[in-house]
Amino acid sequence: MTARPNKWHMSYSKPAKYAPVYHPKHYGYHHDATNPTTPISGAVAWADAPAGLTNTARLPALFISHGAPTLAIEQSATTSALARMGHNLPKPRAIVIMSAHWLSSKLEISSNPKPKTWHDFSGFDPKLHRIQYPVDGHAELAESLAQQLSARGIACSVNPMRVCDHGVWAPLRHLYPQADVPIVQISLPQHYDSNACYQLGAQLTQLRDEQILIIGSGNITHNLQALRWQADSIDYAAKDFKSWLLQQLKMDIPTALDWQQYPSFRNIHPSDEHLLPLFFALGAGQRVSVVHESMAHHSLGMDIYRFD
């Protein structure tokens with residue numbers, strides 16, 4: 001039997017809470033990203049654009065709770081939901097994904113054309129370390145997005161060396177098992193809060209009309225200290241939090257963005273990097289619906305949401 005892993009990601013310390021997004025200078029913005037502007041497009045990245053990117057079935061934005069790295073080899077209600085979604089959605093031209101496992105000092109966009117599968121964890125079954133997800137990147141799309149964001153005063157750069165962390169490949173292995181949809185990974189800057197992630201997602205919403213799938217990959221609840229490996233029990237404090245947050249996402253987005261008002265939120269998210277990709281997806285989609293809800297290992301909420 002494989003020993004229970006104590007943890008599988010680095011511990012990140014976050015800076016003190018930044019001012020609200022309505023003061024964009026704190027995030028590298030030079031203007032309010034909600035002001036009407038020409039939508040950011042991925043059209044230039046394809047030879048048959050823009051007409052070839054018309055999508056009568058607009059893609060949603062997704063938030064995926066990726067759980068433990070073992071998600072990659074599990075057969076569970078969560079992985080079945082991912083597989084169904086991959087089958088039912090129109091196949092994207094590309095995926096733009098923010099993972100909780102790429103923290104950076106400023107916004108970076110991966111332009112690596114062949115990102116390697118990074119096994120960024122330890123203590124698990126050796127077969128998990130042998131898994132490869134040989135997906136292509138899309139340098140042209142990455143560079144185009146970086147140029148358009150930079151033109152709006154949003155400090156960012158491309159990273160041609162970035163590898164594919166498990167927050168990306170573990171869920172995508174079930175969503176698109178053939179690894180046949182190219183990916184562009186976006187980093188999570190350490191100074192971004194929920195509002196900044198929300199506004200970044202809002203900048204990219206036009207991509208959904210261009211057959212590009214936007215994903216935030218994190219966890220709806222994520223306190224590894226409360227983890228009980230393979231337990232059937234449920235951490236009801238975590239379950240109550242995700243029920244509350246989902247209600248706010250449906251009824252009161254400003255309150256959802258101010259999620260740290262929730263009593264004892266640090267018992268659910270001691271650090272915020274696994275929740276922030278939710279707000280990236282929310283910015284790109286707004287209207288939430290639940291694809292899947294469950295708990296794993298006592299304290300990990302495994303919810304999957306779509307935003308239309």
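**Exercise 1.** Determine how many cavities of 30 Å³ or more the structure holds, and describe the lining of the largest cavity.

*Solution.*
Step 1. This predicted model holds 2 cavities of 30 Å³ or more.
Step 2. The volume of the largest cavity is about 40 Å³.
Step 3. Its lining consists of Ser110, Pro115, Arg162, Val163, Cys164, Ile183, Val184 and Gln185.
Step 4. Strand S5 (residues 183–189) supplies the largest share of this lining, 3 residues.
Step 5. Sorted by class, the lining residues of the largest cavity are 5 nonpolar, 2 polar and 1 charged.

**Exercise 2.** State which residues line the second largest cavity, and classify them.

*Solution.*
Step 1. The second largest cavity has a volume of about 30 Å³.
Step 2. Thr221, His222, Asn223, Ala226, Asp235, Ala238, Asn267, Ile268 and Ser299 form its lining.
Step 3. Among these residues, 3 are nonpolar, 5 are polar and 1 is charged.

**Exercise 3.** Establish how helices H1 and H4 are oriented to each other, and which residues make their contact.

*Solution.*
Step 1. Two packed helices are described by the angle and the distance between their axes.
Step 2. For helix H1 (residues 77–88) and helix H4 (residues 166–175), the axes come within 7 Å and cross at roughly 60 degrees.
Step 3. H1 and H4 are therefore oblique to each other.
Step 4. On the side of H1, the contact is made by Thr79, Leu82, Ala83, Met85 and Gly86; on the side of H4, Pro171, His174 and Leu175 take part.
Step 5. The contact of H1 with H4 comprises 5 nonpolar and 3 polar residues, with no charged residues.

How values were computed:
Residues are numbered from 1 along each chain as its sequence is written. This is a predicted model: local features need pLDDT of at least 70, side-chain atom pairs count only at pLDDT 80 or more; totals for chains, interfaces and linings use all residues. Side-chain values use heavy atoms; hydrogens and water are left out. Axes are lines fitted to C-alpha atoms, for helices over the stretch in contact, and angles run from 0 to 180 degrees between N-to-C directions. Helices (H or I, at least four residues) and strands (E, at least two) are DSSP runs, numbered from the N terminus. Angles under 35 degrees count as roughly parallel, over 145 as roughly antiparallel, 65 to 115 as roughly perpendicular and the rest as oblique. Contact means heavy atoms within 4.5 Å. Ala, Val, Leu, Ile, Met, Phe, Trp, Tyr, Cys and Pro count as nonpolar, Asp, Glu, Lys and Arg as charged, and the others, Gly among them, as polar. On a 1 Å grid over the protein atoms alone, a cavity is a set of points where a 1.4 Å probe fits but cannot get out, and a pocket is an open set with protein on both sides within 12 Å along at least five of seven lines; lining residues have an atom within 4 Å of a point. Grid points are joined across faces, edges and corners, and a volume is the space filled by probe spheres set on the points.
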